[in-house]
Amino acid sequence: MSTPPSPSSEPQTPWFASTVVYQVYPRSFADSDGDGVGDLPGITSRLDHLADLGVGVVWLSPVYASPQDDNGYDISDYRAVDPSFGTLADMDALIAAAHERGIKVVMDLVVNHTSDEHPWFVESTASKDSPKRDWYVWRPPREGFSAGDPGAEPTNWRSAFSGSTWQLDERTGEYYLHLFSRKQPDLNWENPEVRAAVADMMRWWLDRGVDGFRMDVINFISKRYDADGSLPDGAPWPDGGLWGDGGPFFMTGPRLHEYLAELRREVFAGREGQFLTVGEMPGITVEAAVELTDAGTGVLDMVFQFEHVNLDHGPGGKWDPQPFSLLDLKASFGRWQAGMAERGWNSLYWDNHDQPRIVSRWGDDGRWWRESATALATLLHLHRGTPYVYQGEEIGMTNLPFAAPEDYSDIEAVNHYRQAVAAGADPQALVASMARLTRDNARSGMQWDGGPNGGFTTGEPWYRVNPNASWLNVEAQRDDPASVLSHHKALIALRRDEPCVAAGDFTMLAATHPHVYAYRRATAATELLVLVAVSGEEQPLAAVAAAVAADLGDDAAAWDGAELVLGNWHDEVRSGLAPLRPWEARVLRRPATA
Ligand code: NOJ
């Protein structure tokens with residue numbers, strides 16, 4: 001959040017422009033005690049891997065006390081570590097060990113909702129007069145209905161995890177709102193006591209040494225209430241059924257900026273140091289993201305937008321997958337790069353704990369596994385913004401095989417399966433179709449070596465380890481200069497060492513070429529040309545060369561002598577604008593011409 005003085009004549013950029021963030025999903029990263037669940041000492045024991053990779057920040061998915069209904073995104077005590085992950089002392093040790101290696105630690109902050117087992121919620125349900133009643137969103141049954149009647153829910157909104165967003169509390173006869181599972185009641189951010197309690201908890205973690213927060217669905221905290229406090233029904237979902245889309249009434253609501261400004265002021269004002277805040281924001285537009293992340297008037301350092309990862313979702317959402325289109329990806333990334341060229345800051349990501357593995361999703365996890373994993377990494381990392389690497393992405397981990405309903409573990413997938421089968425869907429067809437985009441793909445054990453369970457645990461893993469861990473693992477790649485891991489190291493080093501990656505302007509090239517993704521980055525001193533074949537076929541470069549000439553008013557031949565900074569084909573190295581082989585990525589550098 002603070003910008004150090006610029007060391008050179010390059011344009012000023014924030015400190016997080018030249019670093020990469022690594023996300024750890026603690027349950028699945030490294031298990032130190034053999035109980036099958038990853039833990040904090042396990043993470044600490046693997047920090048050298050992160051240091052070797054060169055990342056500057058590690059973000060931990062939630063490790064707080066939790067009933068684990070949604071793997072820790074349901075928190076019952078914000079100031080305690082869940083026993084399955086360790087203790088507060090383990091957390092202190094992890095922070096110290098990370099800092100010794102120059103790595104910052106960012107916590108997940110899940111405050112749109114708590115667990116229903118959080119003492120605040122337990123007190124809130126006790127009676128309508130409870131002092132904590134107004135800390136959550138309670139509403140009576142729909143007018144004309146009695147509590148529990150079908151259709152009595154206060155709105156028709158469908159939860160992210162299937163079914164209604166409202167749960168009846170039998171004791172008080174009212175419904176509480178839960179945009180996610182019924183064990184994740186939404187906090188009422190209209191109540192200043194809630195906001196003060198959240199700020200206090202954040203200060204407590206910063207005092208403990210953490211360096212910032214990744215804020216879970218933070219653009220859902222301000223609901224769009226009617227003047228009388230009611231919430232409207234949403235338009236019916238295109239896939240029919242009872243449910244409507246409540247999104248317009250809870251995404252990026254009227255008081256979001258105000259609440260986040262308050263947090264920034266109450267939590268960070270006057271603190272020395274460099275902190276990172278990133279808001280997860282489904283449905284956020286470029287225009288809103290610019291306002292939220294403006295270096296002067298904004299309230300966050302960057303947001304996670306969802307446009308690109310939703311490109312292969314159909315009208316029915318993620319369970320209605322559609323083919324990938326490179327042209328759509330170019331249009332989307334191009335708009336975000338252009339929209340944030342002057343103000344605001346991008347985050348750049350393919351994988352996280354909610355997304356399938358990119359090499360299986362839009363690459364080729366068969367014949368061109370290594371090439372496509374490195375090509376897609378190159379495509380992403382050299383944009384303007386801060387890249388995020390999700391555990392295992394740095395070695396090209398792939399999606400899992402799914403053969404039976406029991407292979408699914410995640411609440412989102414399990415609930416969808418149950419509801420769809422109840423509604424008449426064919427179970428075997430569902431098992432097959434859910435495989436592509438289920439979050440379970442991201443949650444298999446980290447593949448450290450070719451031993452049992454990929455070296456993730458010596459016990460029985462809480463969830464499956466991908467059978468390909470026998471050959472696809474960190475150890476097998478560590479000393480191989482052509483590996484996916486070495487390529488990630490090179491990309492991260494390039495961002496750190498080449499000011500043009502952090503600070504350069506972005507120009508999309510060959511925007512209509514269906515198989516080559518090409519762009520230029522430029523500062524007053526340097527130009528980089530990034531060329532990536534997004535295809536298993538060799539790509540003649542005529543079209544791209546023409547685009548370079550047309551888009552830049554440039555002589556394409558001028559790139560012939562440019563320095564090859566990085567490539568992912570290691571035999572018969574090609575440079576300049578030579579044809580691109582399948583999934584070839586090439587990064588060229590030359591002094592700026594203008
Ligand atoms: C977004 C998180 O990334 C996801 O894993 C979680 O299920 C929901 N928010 C609810 O907290």
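**Exercise 1. Start with one tyrosine**

Tyr22 is found in strand E1; work out whether Tyr22 is buried or exposed, and where it lies relative to Gln391.

*Solution.* Keep in mind that you're looking at a predicted model.

- Step 1: Check the accessibility. Tyr22 has a relative accessibility of 0%. The cut-off for buried is under 20% relative accessible area, so Tyr22 counts as buried.
- Step 2: Look along the chain. Tyr22 and Gln391 are 369 residues apart in sequence.
- Step 3: Now look in space. The C-alpha atoms of these two, Tyr22 and Gln391, are separated by 6.9 Å.

**Exercise 2. Follow the pairing to E17**

Find out which strands pair with E17, and in what sense.

*Solution.*

- Step 1: Take strand E1, which covers residues 21-24. E1 pairs with E17 in the parallel sense, over three bridges. Within this pair, Gln23 stands opposite Tyr390 in E17.
- Step 2: Take strand E16, made of residues 347-348. E16 also pairs with E17 in the parallel sense, over two bridges. Here Leu348 stands opposite Pro387 in E17.

**Exercise 3. Is E17 covered or open?**

Decide how many residues of strand E17 are buried, and what that tells you about its surroundings.

*Solution.*

- Step 1: Count. E17 spans residues 386-390, and five of the five are buried.
- Step 2: Recall a general idea. Side chains in a regular strand alternate between the two faces of the sheet.
- Step 3: Sort the residues by side. Thr386, Tyr388 and Tyr390 are on one side of E17, while Pro387 and Val389 are on the other. Every one of them is buried, so both faces of E17 are covered.
- Step 4: Conclude. With five of five residues buried, E17 is largely enclosed by the rest of the structure.

**Exercise 4. A strand with a hairpin on each side**

Describe how strand E19 pairs with E18 and with E20, and say how many of its residues are buried.

*Solution.*

- Step 1: Start with cover. E19 runs over residues 516-522, and seven of its seven residues are buried.
- Step 2: Check the two directions. Val516, Ala518, Arg520 and Ala522 point one way, and Tyr517, Tyr519 and Arg521 point the other way. Notice that two arginines, Arg520 and Arg521, are in this buried set.
- Step 3: Add E18, residues 505-509. E18 and E19 pair in the antiparallel sense over five bridges, with Met508 opposite Tyr519. Six residues sit between the strands of this hairpin, and Ala510 takes a positive phi near 50 degrees there.
- Step 4: Add E20, residues 526-533. The pairing of E19 and E20 is antiparallel too, over seven bridges. Tyr519 stands opposite Val530 in E20. This hairpin has three residues between its strands.

**Exercise 5. A glycine in a loop**

Say where Gly536 lies, whether it is buried, exposed or in between, and which residues it touches.

*Solution.*

- Step 1: Place it. Gly536 lies in the loop between E20 and helix H17, which covers 542-552.
- Step 2: Check its accessibility. Gly536 has a relative accessible area of 33%. Partly exposed is the class between under 20% and over 50%, so Gly536 is partly exposed.
- Step 3: List its contacts. Leaving out residues up to four places away in sequence, Gly536 touches Trp368, Pro582 and Trp583.
- Step 4: Compare sequence and space. Gly536 and His515 are 21 residues apart in sequence, and their C-alpha atoms are 9.3 Å apart.

**Exercise 6. Edges of a sheet**

Consider the open sheet of three strands E6-E8-E7; which strands stand at its edges?

*Solution.*

- Step 1: Read the order. The strands run E6-E8-E7, with antiparallel pairing.
- Step 2: Find the edges. E6 (138-139) and E7 (166-169) each have a single partner strand, so one side of each is left without a neighbour in the sheet.
- Step 3: Look at one pair. E6 and E8 (residues 174-177) share two bridges, and Arg139 stands opposite Tyr175 in E8.

**Exercise 7. Step back to the whole chain**

Does the radius of gyration of the protein chain agree or disagree with that of a compact globule?

*Solution.*

- Step 1: Get the expected value. For 594 residues, a compact globule would have a radius of gyration near 25 Å.
- Step 2: Compare. The protein chain has 24 Å, which agrees.
- Step 3: Add some context. The chain has 17 helices and 22 strands, and 60% of its residues count as buried.

Terms used
Residues numbered from 1 in each chain as written. Predicted model: local features only at pLDDT ≥ 70, side-chain atom pairs only at ≥ 80, totals over all residues. Heavy atoms only, no water. Buried < 20%, exposed > 50% of the residue type's maximum accessible area, 1.4 Å probe, protein only. Helix = DSSP H or I, 4+ residues; strand = E, 2+ residues; numbered from the N terminus. Pairing = 2+ DSSP bridges. Rg over C-alpha atoms; globule rule 2.2 N^0.38 Å. Contact = heavy atoms within 4.5 Å.
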